[in-house]
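Reader: I'm new to this one and would like a close look at a single part. Could you walk me through it?

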Amino acid sequence: MRDQVGIDLNGFPLDHEFPDDYGLEEEDECDIEVEPLFEDELANQAAGPKPKRKSKRTKAYTAAEDKLLCECWRDIGQDPKTGAGQKHSTFWTRVHREFHERKKFPPYQFVSTRGWVSISKR
């Protein structure tokens with residue numbers, strides 16, 4: 001039968017042999033004089049030119065767009081089938097759909113890519 005060896009407080013057997021460099025501090029493999037620090041990299045990224053974002057804003061409403069929008073708003077708002085009992089988004093979606101249907105025909109005939117949010121905010 002093998003002799004039982006005690007265990008120290010760290011869980012190592014008492015007869016365990018440690019290497020000569022055990023407990024010594026390890027040398028840093030990163031030389032801060034040569035390699036840039038992480039903060040320096042962030043500062044360089046922040047200082048560099050930022051890519052320009054393409055603006056999503058459209059041009060101002062024309063008089064024809066305003067007139068057509070008002071007509072669509074009036075027609076959808078006075079619709080006796082739905083009346084005033086519809087949700088905000090439903091109402092403006094219907095106005096948007098009507099606006100884009102009627103813009104194709106005389107007397108308007110213009111090109112517009114306005115969304116329902118833009119129309120509702122007008």
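Which side chain does the side chain of Glu-65 join in a polar contact?

Author: That would be Ser-112: a polar contact of 3.0 Å joins the two side chains. Keep in mind that this is a predicted model. Glu-65 itself sits in helix α2, which covers residues 63–77. Its relative accessibility is just 4%, so Glu-65 counts as buried, the cut-off being under 20%. Setting aside the neighbours within four places in sequence, Glu-65 is in contact with Ala-60, Phe-99, Phe-110, Ser-112 and Arg-114. So much for Glu-65; now for the cysteines.

Searching the whole structure turns up zero disulfides. Cys-70 is in none, and the nearest cysteine sulfur to its own, that of Cys-72, is 9.3 Å away. A disulfide needs the two sulfur atoms within 2.5 Å, so this pair doesn't qualify. Cys-72 counts as buried too, because its relative accessibility is 0%.

Next, have a peek at the loop between α3 (88–102) and α4 (116–121), where you'll find Pro-107. A cis peptide bond joins Pro-106 to Pro-107, with omega at about 10°. Gln-109 has its place in the loop between α3 and α4 as well. Its phi is near 45°, a positive value in a residue other than glycine. What makes those two details worth a pause is that most residues other than glycine have a negative phi, and most peptide bonds are trans. As for accessibility, Gln-109 is exposed, with a relative accessible area of 55%, whereas Glu-65 is buried.

Key. Residues are numbered from 1 along each chain as its sequence is written. This is a predicted model: local features need pLDDT of at least 70, side-chain atom pairs count only at pLDDT 80 or more; totals for chains, interfaces and linings use all residues. Side-chain values use heavy atoms; hydrogens and water are left out. Helices (H or I, at least four residues) and strands (E, at least two) are DSSP runs, numbered from the N terminus. Buried means under 20% relative accessible area, exposed over 50%, partly exposed in between (1.4 Å probe, protein chains only). A polar contact is a pair of N or O atoms within 3.5 Å; within protein, one must be able to donate a hydrogen and the other to accept it, and residues adjacent in sequence count only if both atoms are side-chain atoms. Contact means heavy atoms within 4.5 Å.
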